[in-house]
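Please open the model in your viewer and keep the sequence panel visible beside it, since each stop below asks you to select something and then look at what surrounds it.

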Amino acid sequence: MAIFTRLDSPLGELLIEADEHLGVTRLTLDAGEQPDPGDARRDDQVLEEVREQLLAYLAGRRRSFSLPLAPGGSEFQRQVWSALQRIPYGETRTYGELARRLGREGAARAIGAANGANPLPLLIPCHRVVAASGLGGYSGGLELKRRLLALEGVEDLRP
């Protein structure tokens, strides 16, 4: 069964969606204007651990998450998202480095596309991937990417 919750955070309102049996399926940043998912019921209690871990991360008290995640996506996307979860807190990798680590030399653009399609920002730390020449892009905007990297102690990267 699909469930959701909303969370007021230092980043604004977050919308967290989950499959009650599989795990968290989507995290929407800046969700204040977004309507509730029509096919899901609100369940703050079941998703309380997700809420607590996100708030602890944003307060600098947590460096990783221990939550069941179910982001969907293609096999390639799931490989990329798995690689993102192995980037340590406070470190970054380039799109090219990720491509090499996945045995897909020259696939930096495909890595970037999968990174941009990540349905679980923060939980799957796509903000830790940068361009070889600087900050790169971020679906939540470059200012938010800078804030998240600064939270983790990463020096400012200029685009």
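Select Tyr95 in this predicted model and display its surroundings: leaving aside neighbours within four places in sequence, Tyr95 is in contact with Ala108, Ile111, Gly112, Asn115, Val129, Val130, Ala131, Gly137 and Lys145. Tyr95 lies in helix H3, and with a relative accessible area of 16% it falls under the 20% cut-off and therefore counts as buried. If you then pick the C-alpha atoms of Tyr95 and Ala107, which are 12 residues apart along the chain, the separation between them is 8.3 Å.

Stay in helix H3, which spans residues 95-101, and move the selection to Leu98. Is Leu98 buried or exposed? Its relative accessible area is 2%, so Leu98 is buried. The residues in contact with Leu98, again without its neighbours within four places in sequence, are Ala83, Leu84, Ile87, Arg93, Ile111 and Val129. For a sense of scale, add Arg51 to the selection: Leu98 and Arg51 are 47 residues apart in sequence, and their C-alpha atoms are 29 Å apart in space.

Next, show helices H2 (75-85) and H4 (108-116) together. Their axes come within 9 Å and cross at roughly 80°, so the two helices are roughly perpendicular to each other. On the H2 side the contact is made by Phe76, Gln77, Val80, Trp81 and Leu84, and on the H4 side by Ala110, Ile111, Ala114 and Asn115. Colouring these residues by type gives seven nonpolar, two polar and no charged residues in the contact of H2 with H4.

Now widen the view to the largest nonpolar core, which has 36 residues, and in which Leu27, Leu54, Leu84, Leu122 and Leu148 are those with the most contacts inside it. The elements that give two or more residues to this core are strands S1 (2-9), S2 (12-19) and S3, together with helices H1 (48-58), H2, H3, H4 and H5 (142-151). To see one of these residues in its setting, select Leu27, which touches Leu14, Leu15, Ile16, Leu54, Pro119, Leu120, Pro121, Leu122 and Leu123, residues up to four places away in sequence not being counted.

One place further along, Thr28 lies in strand S3, which covers residues 23-28. Thr28 is also buried, because its relative accessible area is 15%. Not counting residues up to four places away in sequence, Thr28 touches Glu13, Leu14, Leu15, Glu17 and Gln34.

For the next stop, select helix H1. Which residues of H1 are buried? They are Val50, Arg51, Gln53, Leu54, Ala56, Tyr57 and Leu58, and what covers them includes S1, S2, S3 and H5. Following H1 along the chain brings you to Gly60, whose phi is positive, near 80°.

Finally, display the charged side chains. How many salt bridges does the structure hold? The structure holds nine, and three of the pairs are worth showing in turn.

Begin with Asp36 and Arg6, whose side chains meet in a salt bridge with an N to O distance of 2.7 Å. This pair links distant parts of the chain, since Asp36 is in the loop between S3 and strand S4 (41-42) whereas Arg6 is in strand S1, 30 residues apart. Asp36 counts as partly exposed at 43% relative accessibility, while Arg6 counts as buried at 10%. Adding Glu13 to the selection completes a network of salt bridges that links Arg6, Glu13 and Asp36.

Then select Asp43 and Arg41, which form a salt bridge whose closest N and O atoms are 2.7 Å apart. Asp43 is buried, with a relative accessible area of 14%, and Arg41 counts as partly exposed at 33%.

End with Glu48 and Arg51, whose side chains meet in a salt bridge at 3.4 Å, N to O. Because they are three residues apart in helix H1, Glu48 and Arg51 are separated by about one helical turn. Glu48 counts as partly exposed at 32% relative accessibility, whereas Arg51, at 17%, counts as buried.

Definitions and conventions
Residues numbered from 1 in each chain as written. Predicted model: local features only at pLDDT ≥ 70, side-chain atom pairs only at ≥ 80, totals over all residues. Heavy atoms only, no water. Helix = DSSP H or I, 4+ residues; strand = E, 2+ residues; numbered from the N terminus. Buried < 20%, exposed > 50% of the residue type's maximum accessible area, 1.4 Å probe, protein only. Contact = heavy atoms within 4.5 Å. Core = buried A, V, L, I, M, F, W, Y, C linked by side-chain atoms within 4.5 Å. Salt bridge = Lys/Arg side-chain N within 4 Å of Asp/Glu carboxyl O. Axes fitted to C-alpha atoms, helices over the stretch in contact; angles between N-to-C directions. Parallel < 35°, antiparallel > 145°, perpendicular 65-115°, else oblique. Nonpolar A, V, L, I, M, F, W, Y, C, P; charged D, E, K, R; others polar.
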